[in-house]
Amino acid sequence: MASLTKKELQKKYQDYKAQGLALDMTRGKPGTEQLDLSLPMMDLVTSKDYKTLAGADTRNYGGLDGIPEMKEIFKDFLEVSSTDEVIAAGNSSLTLMHDTIARAMSHGFPESKKPWGQQDKIKFLCPSPGYDRHYSVCEHFGIEMITVPMTEKGPDMDVVEELVAEDKSIKGIWVVPKYSNPTGYTCSKKTVKRLAKMKTAAKDFRIMWDNAYTVHHLSSDQDQLENILEACKAEGTENRVLIYGSFSKISFAGAGVAGMGASVDNINWMKGHLSMATIGPDKINQLRHTRFFKDFKGVQKHMKKHAKIIAPKFDAVIEILEKELGGKGIATWTVPKGGYFISLDVPKGCAKEVVKLAAEAGVKLTAAGATFPYKNDPKDKNIRIAPTLPSMGEIKLAMRVLTVCVQLAAASKK
Ligand code: PMP
């Protein structure tokens, strides 16, 4: 589409503003139609039928690491080789990740000379753009964040290898390995191998492998991710990786089941700490999940239903980006094969202005900068688009407003 003059853009913008819109594209929440897919689960554990396959009473205490059938699903979901390498916990993987870091700070990992909190400085590598809540966890515990570029193949491994080899205060890295938040990128086979193999100055280095979108494909054209625990085992670094995932965007975002996969040493470390904090997770909810999904194949089948609902929303976003901004040399965006987000890069120094203009026209976007440590996007370029929650009509309208805002901000920079 031919470029509009600044005057024409301003007119369009004012017209949108006059409509008094109230659209929200901020967070990656499932839409109601997606939540409805799992409703039958609510009726699968009843007052007459609440025992596990082995006959355990889910109403009572116990089962620290989850009911066996939930662990079985997580074994395949997290791609570990046995249920000894799994914990099936409460509803949130973010809680599991937060608690892992909290325990490292207060007690350290088995290889730690001292708890992290008693060491001078602890640093984490943060491939960015990335997930804002990972950064919040680091900030919460006073962990210094080092931004590492995120590439189409995962974290920039040349940078990662050099940093971790020389600085023993770098204790970990956050990785969303598949359909990453917000880029949709998936780590290549080589990236996984390099992460498993790299020499780290810190003996207690950990990869926080947040595989939140492992089954969240948008179509049958899917990214493949190499098995990190296997790769680490092959290198003798199996205690390096901690794998997380959850059913938040499979069943109910507020009442799913979260899991952790890791070497038996790491699982035992985690269970030791977990036993100080709980006598067991919500087993009734785990039973609801296992009765509904039955096995991992059931999870994969269910995700096809999600894809049917959300793929058209992703398509609509991409289509409008292409139609309104394509060929104008002012923006680039990712076209993910899965996950929950699209990452939009606007001209340097424009992201904050775009988000502000959009907000003033009634379209709420994730705050500019949120996808970088300390909420500081050094180039002020990146905007995260979350298309799952709004209706199709709302998405189209919000995207038209957003693309006008991008062109206006770019025009003001010239
Ligand atoms: N990790 C990533 C990468 C996410 O995008 C999200 C949700 N936005 C989460 C974790 C949160 O997961 P949970 O609901 O299991 O805490």
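In strand 11, Leu344 is the bridge partner of Trp333. This is a predicted model. Strand 10 and strand 11 run antiparallel and are joined by 2 bridges. Strand 11 covers residues 342-345 and also pairs with strand 13, again antiparallel, through 4 bridges. One position in that second pairing is Ser343, which stands opposite Arg384 in strand 13.

Together these strands make an open sheet of 3 strands in the order 10-11-13, with antiparallel pairing. Strand 10 (332-333) and strand 13 (382-385) stand at the edges, and each has a single partner strand, so one side of each is left without a neighbour in the sheet. Strands of a sheet pair through backbone hydrogen bonds.

The pairings can be set side by side.

| Strand pair | Direction | Bridges |
|---|---|---|
| Strand 10 and strand 11 | antiparallel | 2 bridges |
| Strand 11 and strand 13 | antiparallel | 4 bridges |

**Two domains**

The chain is divided into domain 1 (6-28 + 300-413) and domain 2 (61-294). Their centres, taken over C-alpha atoms, are separated by 29 Å. The contact takes 23 residues from domain 1 and 26 residues from domain 2. On the domain 1 side, helix 11, strand 11 and strand 13 each supply at least two residues. Which element gives the most to that side? Helix 11 does, with 7 residues. By class, the domain 1 side that touches domain 2 divides into 13 nonpolar, 8 polar and 2 charged residues.

**Helix 3**

Helix 3 spans residues 68-77, and 7 of its 10 residues are buried, so the helix is largely enclosed by the rest of the structure. The buried residues are Glu69, Met70, Lys71, Ile73, Phe74, Lys75 and Phe77. What covers them? The cover includes strand 2 (86-88), strand 8 (241-246) and strand 9 (258-261). Helix 10 (283-293) and helix 11 (296-325) are also part of that cover. Helix 11 thus appears twice: it covers buried residues of helix 3, and it supplies 7 residues to the side of domain 1 that touches domain 2. After helix 3 comes Glu79, whose phi is positive, near 55°.

**Leu229**

Leu229 has its place in helix 8 (residues 228-235). Is Leu229 buried or exposed? Leu229 is buried, because 23 other C-beta atoms lie within 10 Å, and the cut-off for buried is 20 or more. Not counting residues up to four places away in sequence, Leu229 touches Val80, Glu238, Val241, Ile243 and Gly261. Tyr16 is 213 residues from Leu229 along the chain, and the C-alpha atoms of the two are separated by 50 Å.

**The ligand**

Which residues surround the ligand? Among them are Gly28, Ser92, Ser93, Leu94, Tyr131 and Val176. Asn181, Asp210, Ala212, Ser246, Ser248 and Ala258 also belong to the surroundings. By class, the shell around the ligand has 5 nonpolar, 6 polar and 1 charged residues.

Technical notes:
Residues are numbered from 1 along each chain as its sequence is written. This is a predicted model: local features need pLDDT of at least 70, side-chain atom pairs count only at pLDDT 80 or more; totals for chains, interfaces and linings use all residues. Two strands pair if DSSP finds at least two bridges between them. A residue is near a molecule or strand if its C-beta atom, placed from the backbone, lies within 6 Å of it. Ala, Val, Leu, Ile, Met, Phe, Trp, Tyr, Cys and Pro count as nonpolar, Asp, Glu, Lys and Arg as charged, and the others, Gly among them, as polar. A residue is buried if 20 or more other C-beta atoms lie within 10 Å of its own, exposed if 12 or fewer, and partly exposed in between; C-beta atoms are placed from the backbone. Two residues are in contact if their C-beta atoms, placed from the backbone, lie within 7 Å. Domain bounds come from an automatic or database domain assignment.
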